[in-house]
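Work through the exercises below with the model open beside you. Try each task before you read its solution.

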Amino acid sequence: MNMAIRVFLLLLIIFSSMYPTLCIYEDQVGHMDWHQQYIGKVKHAVFHTQKAARKRVVVSTEENVVASIDLRRGEIFWRHVLGPKDVIDALDIALGKYVITLSSEGTILRAWNLPDGQMMWETTLSGSTPSMSLLSIPTNLKIGKDDVVFVYGSGCLYAVASVDGEVIWKKELTSEGVHIQQLIYPDGTDIICAVGLAGLAQFDAYQINVKTGELLKHSSMVFPAGFSGDLSFITSDIAVTLDSTGSILVAVHFQDGEISFHQTHVSELGWDFSGPAVLLPTKLPGMFALEINKSIVFIKVTNEGKLEAVDKLGQSTAVSESLNLSEGQQAFGLIQRGDGKIILTVKLGNDWTSNLLQETIQMDHQRGNAHKVFINTYVRTDRSNGFRALIVMEDHSLFLLQQGEIVWSREDGLASITDVMASELPVEKDGVSVAKVEHNLFEWLKGHLLKLKGTLMIATPDDVVAIQKLRLQSSGKSKMTRDHNGFRKLLIVLTRAGKLFALHTGDGRIVWSLFLDSLRKSETCQNPRGLSLHQWQDPHHHVLDENPSVLVVGRCDHSTDSPGVLSVVDTYTGQERNHLGPRHSITRVIPLPFTDSAEQRLHLLLDVNRQAHLYPRTTEALDIFQRELGNIYWYSADVDKGILKGHAVQNNCILKIADSYCFNTRDLWSIILPSESEKIIATATRNLNEAVHTQAKVTSDQEVMYKYISKNLLFLATVAPKAVGPIGSVTPEESWLVVYVIDTVTGRILHRMTHHGSQGPVQAVFSENWVVYHYFNLKAHRYEMSVIEIYDQSRSDNKDILKLLLGKHNLTSPITAYSRPEVIAKSQSYFFMHSVKTLAVTSTAKGITSKQLLLGTIGDQVLALDKRFLDPRRTVNPTQAEKEEGIIPLTDSLPIIPQSYVTHALKVEGLRGIATVPAKLESTTLVFAYGVDLFFTRLAPSRTYDSLTEDFSYALLLITIAALVIAIFVTWIWSEKKELQEKWR
Amino acid sequence: MGAVTRNHTPIFLSLILLLLPAALAISPENVEGYNINGRVKFTGSITGSGLPPKISNVKVLLNGGQRVTFLRPDGYFSFHNVPAGTHLIEVAAIGYFFSPVRVDVSARNPGKVQAALTENRRVLSELVLEPLREELYYEIREPFSIMSIVKSPMGLMVGFMVIVMFLMPKLVDAEEMKRAQEEMRNQGGTPSLANFLAGAQRTS
């Protein structure tokens, strides 16, 4: 008997040590995660189609990405994301093999190898005065042996050898405050001309020897009426600009240093123009464009210098730069917006009346207007010119058009996500059959047998491919209905362009997209941008037939006092239900913990006048709000002044027009930080939706610790004003970091701690009763992470069972923020290897599962770190009891285990944020990391203890059961036989 | 049958200390700042099952991403106009683990190299950065072995049954067995698998 128990125990131990680890196998990639690569809104594009091999287009974008894209399919050949401040100013191709980029306000010039994206050289061009940055690559010019690139940046003109980035000569052109606007190099000459304006009233032209950089001639001429600022260059010796009133066109001739002005009044052009004109930045042959009265007027400059209006088009027209055709002719493209379609027109430079090409392409209304167009030519089989056009739409998407069709499109708006929210999918309806998706039993068993082969490593390469295919399209993970585990959801994302996308968590495809009208440029709203997304209606109890919806909050301009726009969008259909605005400004949106009978969540929107506005604007909502008026508190942090304030609602606003949904606010408390020693750099609060399973924590010595759990806790970090700058700008002695934990109802500081010799940037995350933050320790010159855990002491005497039995406990006494809490805070710090871009924490449905921190590292990866590593109760030598509780011995730095990278071998380029969403299955959380790229996966911080793993082999289970049954029969027969023999003996 | 542990420990690869004549890693350019020049080197010892080093995808970051630069084909990189002070350089390369490097740019004696790995405080005579180790992001699938079947839950079930059914009776003395069978015969009941097993267990 003992023996059997012993054997059984041994087996049990082995069995329990067999659970799969957190990390994944290489062939599981793409099984429950997806990764999408984007580039952002294209600013510049250069086609490279000369060689027959790989046709490509090189682009630079507003996300500081330089990329080479396959012209056939729109895939990325290579891509580099430059630093956040390294804005690309110009892009071109030199020598037919190097992509030249000029970035950081004309100070950094880089060359990238066209086939593979390897950086070939990098040159820093130092200058003192900020200026426009220009790049000019002459096609056929050699200085000595080298081909050159001309760069104007920081007030200096440089000639740089394009083969190795060596500066050949440098010429400073900053005298008298001239702002150069164009470099003109007529092919085959020895002179480069730099043309610009000085102080808006003087036109300057420099002539410089291309071989030596010697200034040959500087001519200037004053225009008394003053210029409006921008020059448009028509030919190599004529520029056009507007005077300061915007009503007179000035044509400037500057041939050979002789400058002359020719003025033409806008009204003289005909067409009845009125109002101020704006010069559009165009590069057209012998032509320029003006924007007058919401229409674009094309004006031709004749050889005699006369101006002549040729056409007037709508405001939404996009114009390409001119393109050289074979016989010295030039062409350009125009995109006009029609109803549900766009019209691409290609015209010859000197002939407006006829078209080389006119194509109409169906285009979804949701894409808005065309913002940019780049054209390229190819020779057709009949030797005529064909054209392809790359267009950038208002929603930042990218299209390649050829022969009247869309060859490919890219949804590059998704590279600039500003906010994310998860939404449920519809419940499976009764009549809808999903059984068809599942295979019949034989197919099912076959699939599992294949998987079994895979696990046993006896699969042939063909089988491996079949398994991978099965895995990737398995189990209807991309179905459009809610699943039992809550893995299938919609991710609603808001992009910088003001477009809303719904992504399916199963495979990352776009379910619907909506370009919000309220977030598009209009008369009343000149520069709109989306701010945030909020759950508006999330029906799950009594109004299940209603669809869930989200609230999109936007603002008309960059400043906080600009009017706000609101819009409510149905997440099932992707239709806008209603929109409000532009109305009062919006500084903050506070979702209240109340819902009305239709399960619409109440929101309080604060404006710059410190008035609070209640939404939805219904009497029912108002009733609920009036009832709960005394329980609504919030805080505000004034970073510039260093003041923290607590607020509450007071009474209705006194306005000219009575508005019962508007309330005045009052200040409850304020904390003024000493401005000479502390500056706010980071705040963090708890996620309001976070579920906490238990308040009590039982320690190894049978003690109970009570977590101090309050929704009103604020983590605040301040640094010495000197230490606000980057690392290296301050010495450890004059730098410190102070952290606070503050109750935002009473303004009481629960905990304050100073880290001497430390500085920001600080990333922090607040969850349950703890906060984890990441900062830089200047003394050790390493990054550090600290944890603060707050425990409630007032409940710690509840351990006495006798007292509990006699009812002398305070467990039932109400928790109130007004009573002075007896809290203790425990803290501990550890070194951490990497810089951290963003910090998040996993969240599960009930909060039972242990937590993991998700760190967005500097290498654009996401690392999962167990919260157990950040436990203030860690000691160097934990006792046996503590070890059993799961306390890890204290080490000075946090471990980085490569297998716990959530993004495994992938990168989320330009990582900006990580969102976690609980699944219905308690063990699992959904993680969405976004930046230029998107990455989604499922995580189980304590492993999937409540479900079988995905690769659980049902076939092996069946085989085992069958084997056991057979064994039972065999042994039974065998024992029967033996018995018979015994009897005969 | 011992407890099974999977290979979690990353491969620590030995470092090759390059003691080359100290080149000028920091050079003054103008009044504003100094240049930091360095090199990222993937040593020969680091070639294994990991990803092959692709120099074009390596980023070098100064002070937590304040500035980002890329490697030239020969592995060299440089930061220009860096003010005097203590800086931090990090290398981001998928598949490799680099320690951040502390670089002191001194205003008093320009040209002096002061670089140290923050991870193990090793002082670098020259700004040559090498990966400390390769990073394996995936578990390695163990090749097929009879053990993996035995270790699987189903294998354990079968194994347990086999032990109980075939091994247990063997452990029982032959004499005792005989006696038990004698007893059984005396009882005259029909012998079956159930009391066969029960008998075995009783005796053990």
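The exercises that follow concern a predicted model.

**Exercise 1. The core**

Task: Find which residues touch the most other members of the largest nonpolar core, and which strand gives the most to this core.

Solution. Step 1: take the largest nonpolar core, which holds 254 residues. Step 2: look for the members with the most contacts to other members; they are A:V151, A:A194, A:I391, A:A764, A:V771, A:V772 and A:L854. Step 3: turn to the strands. Strand 54 of chain A, residues 736-743, gives the most to this core, with seven residues. Step 4: zoom in on A:V772. Set aside residues up to four places away in sequence, and A:V772 touches A:A764, A:V765, A:M785, A:V787, A:L853 and A:L870.

**Exercise 2. Domains**

Task: State where the four assigned domains of chain A lie, then give the separation between the centres of domain 1 and domain 3.

Solution. Step 1: read the bounds from the domain assignment. Domain 1 covers 88-222 and domain 2 covers 226-313. Domain 3 covers 683-832 and domain 4 covers 834-952. Step 2: take the centres over C-alpha atoms. Those of domain 1 and domain 3 of chain A are 55 Å apart.

**Exercise 3. One phenylalanine**

Task: Decide whether A:F227 is buried or exposed, and list its contacts.

Solution. Step 1: locate the residue. A:F227 sits in a loop of chain A, between strand 18 (215-222) and strand 19 (232-235). Step 2: count its neighbours. A:F227 has 21 other C-beta atoms within 10 Å. Step 3: apply the cut-off, which is 20 or more for a buried residue. So A:F227 is buried. Step 4: leave out neighbours within four places in sequence. A:F227 then contacts A:L197, A:L200, A:A201, A:T241, A:D243 and A:S244. Step 5: compare with A:L911, 684 residues away along the chain. The C-alpha atoms of A:F227 and A:L911 are 43 Å apart.

**Exercise 4. Backbone angles**

Task: Find where A:P616 and A:P761 lie, and describe the peptide bond before each.

Solution. Step 1: A:P616 is in the loop of chain A between strand 46 (611-615) and helix 4 (619-627). The bond from A:Y615 to A:P616 is cis, with omega near -5 degrees. Step 2: A:P761 belongs to strand 56 of chain A, residues 758-767. The bond joining A:G760 and A:P761 is cis, with omega about 0 degrees.

Task: Say what is notable about phi in A:S104 and B:N63, and whether each residue is buried or exposed.

Solution. Step 1: A:S104 is not a glycine, yet its phi is positive, about 55 degrees. B:N63 also has a positive phi, near 50 degrees, and is a residue other than glycine. Step 2: place them. A:S104 is in the loop between strand 7 (98-103) and strand 8 (108-113) of chain A. B:N63 is in the loop between strand 3 (59-62) and strand 4 (67-70) of chain B. Step 3: count. A:S104 is buried because 21 other C-beta atoms lie within 10 Å. B:N63 is buried because it has 23 C-beta neighbours inside 10 Å.

**Exercise 5. A hairpin**

Task: Describe how strand 15 and strand 16 of chain A are paired.

Solution. Step 1: strand 15 (residues 178-184) and strand 16 (residues 191-198) run antiparallel, joined by six bridges. Step 2: find a facing pair. A:I184 stands opposite A:C193 in strand 16. Step 3: check the connection. The two strands form a hairpin with six residues between them. A:G188 in the turn has a positive phi of about 85 degrees.

Technical notes:
Residues numbered from 1 in each chain as written. Chains lettered and ligands numbered in written order. Predicted model: local features only at pLDDT ≥ 70, side-chain atom pairs only at ≥ 80, totals over all residues. Core = buried A, V, L, I, M, F, W, Y, C linked by C-beta atoms within 7 Å. Buried ≥ 20, exposed ≤ 12 C-beta atoms within 10 Å, placed from the backbone. Helix = DSSP H or I, 4+ residues; strand = E, 2+ residues; numbered from the N terminus. Contact = placed C-beta atoms within 7 Å. Domains from an automatic or database assignment. Pairing = 2+ DSSP bridges.
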